[in-house]
Amino acid sequence: MSELKIFHERESQQVVVQSKQPDEIASHLKAAGVRFEQWRTSAAIKPGDATEAVLAAYRKDIDRLIAEEGYQTVDVVSLSSSAPNKVELRKKFLSEHTHGEDEVRFFVGGEGLFSLHIGNKVYEVLCQRGDLISVPALTPHWFDMGPNPNFIAIRLFNNPEGWVAHYTGNDIADRFSRLSN
């Protein structure tokens with residue numbers, strides 16, 4: 001089940017807001033400038049399926065987002081606990097960073113923990129199957145797929161180069177939750 005926890009940036013152990021209700025999650029995130037939606041998911045999609053099959057299953061919603069936001073590139077990332085580079089990939093995403101464009105992810109399956117550092121708050125968003133999150137450009141954040149990743153996500157980009165991170169050098173991510181799976 002998707003979950004939102006909001007903390008003051010200096011109090012990583014004290015939850016200010018917590019919700020597992022999709023409408024409440026979307027409302028809190030919208031107030032912070034973050035898009036959160038839930039899409040219907042297809043039970044037929046599983047880790048290892050061809051990119052074309054994953055994209056075809058969600059073509060209508062993908063096309064809607066492309067029309068609304070002008071995304072230029074769409075791809076699929078599928079990671080399992082047997083991935084040989086899972087430790088390096090996890091480390092790459094765990095440091096606070098920004099992007100020059102929105103970071104848009106739709107979770108076809110599995111889960112991941114997005115942490116957004118907005119103002120003096122940290123928004124931890126546990127995204128699971130059916131969740132779409134769009135982290136606005138230049139928003140400091142980090143992502144944890146856990147030590148045993150197991151997810152499939154569709155990624156949409158305005159930048160044809162895809163995922164380009166600009167690390168902030170802030171160690172705030174070290175003080176907040178990690179996904180344990």
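Let me start with one pair of side chains, Arg175 and Asp171, which meet in a salt bridge with 2.9 Å from N to O. Please keep in mind throughout that what we are looking at is a predicted model. Arg175 counts as partly exposed because its relative accessibility is 41%, and Asp171, at 44% relative accessibility, counts as partly exposed as well. As general background, side chains of opposite charge can pair when their charged atoms come close.

Elsewhere, salt bridges that share partners join Arg35, Glu37, Asp61, Arg64, Glu68 and Glu69 into one network, and the structure as a whole holds twelve salt bridges. Within that network, Glu37 forms a salt bridge with Arg64, where the closest N and O atoms are 3.0 Å apart. This pair links distant parts of the chain, since Glu37 sits in strand S3, residues 35-38, while Arg64 sits in helix H3, residues 59-69, and the two are 27 residues apart. Glu37 has a relative accessibility of 17%, so Glu37 counts as buried, whereas Arg64, at 28%, counts as partly exposed. Arg64 also meets the side chain of Asp61 in a salt bridge of 3.5 Å, N to O; because Asp61 and Arg64 are three residues apart in helix H3, about one helical turn separates them.

Now let me step back to the whole chain, which has four helices and eleven strands. How does the radius of gyration compare with that of a compact globule? For 181 residues a compact globule would have a radius of gyration near 16 Å, and the chain has 15 Å, which agrees. The C-alpha atoms fill a box of roughly 45 × 35 × 30 Å along the principal axes, and buried residues make up 46% of the 181 residues. If we take the contacts between residues at least 6 apart in sequence, 75% of them join residues at least 24 apart.

Turning to the interior, the largest nonpolar core has 27 residues, and those with the most contacts inside it are Leu29, Leu116, Val125, Ile133 and Phe151. Several elements give two or more residues to this core, among them strand S1, helix H1 (22-31), helix H4 (86-94) and strand S6 (103-118). A second, separate core of 16 residues includes Tyr71, Phe106, Val108 and Ile154. In general, nonpolar side chains in soluble globular proteins tend to be buried together. Leu29 is a useful residue to click on: not counting residues up to four places away in sequence, Leu29 touches Leu4, Val34, Phe36, Leu116, Tyr123 and Val125.

Which polar contact does the side chain of Glu3 make? Glu3, in strand S1, residues 3-8, is buried yet has no salt bridge, and the nearest side chain of opposite charge, Lys5, is 4.5 Å away. The side chain of Glu3 is instead joined to that of Gln18 by a polar contact of 2.5 Å. Gln128, in strand S7, residues 121-128, counts as buried because its relative accessibility is 16%, and a polar contact of 2.7 Å joins its side chain to that of Glu111.

I will finish with Leu138, which lies in the loop between S8 and strand S9 (141-144). Leu138 has a positive phi of about 70° although it is not a glycine. Is Leu138 buried or exposed? With a relative accessibility of 62%, Leu138 counts as exposed.

Terms used
Residues numbered from 1 in each chain as written. Predicted model: local features only at pLDDT ≥ 70, side-chain atom pairs only at ≥ 80, totals over all residues. Heavy atoms only, no water. Buried < 20%, exposed > 50% of the residue type's maximum accessible area, 1.4 Å probe, protein only. Lys, Arg positive; Asp, Glu negative; His and termini not counted. Salt bridge = Lys/Arg side-chain N within 4 Å of Asp/Glu carboxyl O. Polar contact = N/O pair within 3.5 Å; in protein donor to acceptor, adjacent residues only side chain to side chain. Core = buried A, V, L, I, M, F, W, Y, C linked by side-chain atoms within 4.5 Å. Contact = heavy atoms within 4.5 Å. Rg over C-alpha atoms; globule rule 2.2 N^0.38 Å.
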